Amino acid sequence: MRKKLLLLLAIATWLGGCGEQQAASTTAPTLLKPCPGFVESGKPPLVYGAECGSLLVKENPADPASKEIAVEILRLPAISPAAQQDPLFLIQGGPGGSSIEMASFIHTVFADVRKNRDLVFVDQRGTGKSNPLRCEQLSPADMRLPDAEQMEKYFLLMQQCADTYKDSLPFYTTLHGVQDLDAVRQALGYNKINLWGVSYGTRVALEYAKNYPQATRTIILDGVAPKEIALAKFSARDALAALTAVNAECLAQADCAKAFGDILQKTENVYARLQLAEQSGSPVQVSFAHPVNQQVDQLTLTAKNFSMLIFNALYSRDLTVLLPQAISEAEHENYRLLATLFSMAMDQSQKMNIADAMHFSVLCNEDWHYVSASDVETTAPFFGMNVIKDKARVCSFWPKASLPESYWSPVTSNVPALLLSGKHDPVTPEVWAELVAKDLSNATRLLVAGGNHGVSYEGCVPQIIAQFIERASMQDVKTDCVANIKPLPLMLGANQKKSSSSAASSAASSVAAAEGVVP
């Protein structure tokens, strides 16, 4: 089972010299200071010399009288005293996730990059500590209500949230986010930057490259999520394709096929039984030992909870391994493993703390451009989980942003780009990388057969990324090792060596949780 994972100023040698370096020396000291230490925060900085700070920007960039908001920054300095002056900016997904919170479990993945380059994490406006826009959540008591009543309470909370932030929300889009990102770049004195993004973070990186090509050295897109993706429109289709692929692999493995059989059919059987149980007024109650503290916990396992669990588990390489057994046991009315997986997913989701209001500001103003009323009515759900209808109701009352029509044009660029996809990704499958690559003349695509949602942490991929950034090219970068990242055996206890490290597994789990919380 995967473990939960989670800049003193650069020295004079780094700052001195050419004009670019001089720019950094005159601006960075006023912007960044050493991050709080153990005495102040109760925990040490991530790395020695870590720097923290914030940059004030206008909430409405077009209005000089608009209020100012603080954009939070974390910089992990390069190890080399003669660091390269093109850092790596790392962007979290969601939308609504905090890049700075992501740093705690992902910075080690980029250890090779940090040998020669700073790692910079910026909380996008509306997330993390950058004027976060959060909505009130369902209470524990609400979570015990029938699914229909839960959803009505949820919509009410979202309506109240939209009313609370109605004057601000139009300025919390991807376009505004990349403007802030470039303001940070300039304030830190960098002429060019490299960008890595995961899931929604890839959209931010693409939009940055489109608007600031002269400042973009390379982009790494992990789990490509372009504007065209209209997540709610395709999530059910792509999740079913991922589950179908897992089922096919199980049936192709003799031990798995014998032990668990047709997982897809069993999923349909369990869903139907849970649905009938709820309709009869007696939803399934499961007592289980919480996987963290082993305390006895109770879960009302509804059809919707079951669908959400399957969807979210498919994000994670390690949780996917457990699905055949969990689903098969559930068909025999043993729901304890399902309940354990559900509690793990919920714990991770709460820790990632997705900013709902920022999430919907992006979704309703960008993705919904591609969603029609017909799509809402005809798109099939994923085992009853009708993401598009749920999102449509929220978007019907969400405050509207004004975006230029050119915003929806494909990103055309010759910036060196590395596009990464996982074969079992339920939300950003390879098809989206193929679509984006058509307009990127200098792009290389890699498919990880054993990967799910987010593969930068798997096997040799961190080293490939480091070499790509060092060269600003994939020329002479060997990628044969990616073929060794195979799907994990779908039988617990199978004697097969994993190709991903424990750090990689932890990072993947955390990013999966961040993305899975708001399908």
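This is a short talk on strands, cavities, ring contacts and backbone details in one predicted model.

Let me start with strand E5. It covers residues 119-122. Which way do its side chains point? Leu119 and Phe121 go one way, and Val120 and Val122 go the other. All of these are buried.

Now its neighbours. Strand E3, residues 68-76, joins E5 through four bridges. Those two run antiparallel. Take Leu74 as a marker: its bridge partner in E5 is Phe121. Strand E4, residues 88-91, joins E5 through three bridges. Here the two strands run parallel. Leu88 has Leu119 as its bridge partner in E5. So much for the pairing.

Next, the cavities. The largest cavity holds about 140 Å³ of space. How many residues line it? The lining has 16 residues. Nearest the centre lie Gly94, Pro95, Tyr200, Ala225 and Leu231. Two helices to look at are H8, residues 200-211, and H15, residues 356-365. Each supplies at least two residues of that lining. By class, the lining splits into nine nonpolar, four polar and three charged residues.

The second largest cavity holds about 110 Å³. It is lined by 18 residues. Ile91, Ser99, Val122, Asp123 and Gln124 lie nearest its centre. Val122 is one we have met: it is a buried residue of E5. Helix H7, residues 174-187, and helix H8 are the elements that give two or more residues to this lining. The largest share comes from H7, with four residues. The classes here are eight nonpolar, eight polar and two charged.

Back to Gly94 and Pro95, for the backbone. The peptide bond from Gly94 to Pro95 is cis. Its omega is near -10°. Most peptide bonds are trans. Where is Pro95? It is found in the loop between E4 and helix H4, residues 99-106. And again, both Gly94 and Pro95 are among the residues nearest the centre of the largest cavity.

Two more backbone points. Most residues other than glycine have a negative phi. Glu333 is not a glycine, yet it has a positive phi of about 65°. Glu333 lies in the loop between helix H13, residues 317-331, and helix H14, residues 336-352. Is Glu333 buried or exposed? Its relative accessibility is 57%, and the cut-off for exposed is over 50%, so Glu333 counts as exposed.

Asp476 also has a positive phi, near 70°, and is a residue other than glycine. Asp476 is found in the loop between helix H19, residues 461-471, and helix H20, residues 502-516. Its relative accessibility is 64%, so Asp476 counts as exposed.

Now the rings. How many aromatic pairs are there? The count comes to eleven. One of them is Phe89 with Tyr190. This pair is edge-to-face, 6.4 Å centre to centre, with 85° between the planes. What does the pair tie together? Phe89 lies in strand E4, and Tyr190 lies in the loop between H7 and strand E6, residues 193-198, so the pair ties together parts that are 101 residues apart in sequence. Phe89 and Tyr190 are both buried.

There is also an aromatic cluster. It is formed by Tyr271, Phe311, Tyr315, Phe382 and Phe383. Phe311 leads us to helix H12, residues 303-313. That helix is mostly covered. Ten of its eleven residues are buried. Phe311 is on the buried list, and so are Phe306, Met308, Leu309 and Ile310, among others. Polar names appear there too, including Asn305, Ser307 and Asn312.

Charges over rings come next. The charged end of Arg125 sits over the ring of Tyr172, 5.5 Å from its centre. The charged end of Lys227 sits over the ring of Tyr407, 4.4 Å from its centre.

Last stop, Asn365. This residue is found in helix H15, which helps line the largest cavity. Why does Asn365 count as buried? Its relative accessible area is 8%, and buried means under 20%, so Asn365 falls in that class. Now compare Asn365 with Pro399. They are 34 residues apart along the chain. Their C-alpha atoms are separated by 8.6 Å.

Methods:
Residues numbered from 1 in each chain as written. Predicted model: local features only at pLDDT ≥ 70, side-chain atom pairs only at ≥ 80, totals over all residues. Heavy atoms only, no water. Buried < 20%, exposed > 50% of the residue type's maximum accessible area, 1.4 Å probe, protein only. Pairing = 2+ DSSP bridges. 1 Å grid on protein atoms, 1.4 Å probe; cavity = no way out; pocket = protein on both sides within 12 Å on 5 of 7 lines; lining within 4 Å. Points joined across faces, edges and corners; volume = space filled by probe spheres on them. Phe/Tyr/Trp six-rings, centres within 6.5 Å; stacked < 30°, edge-to-face > 60°. Lys NZ or Arg CZ within 6 Å of the ring centre and 35° of its normal.
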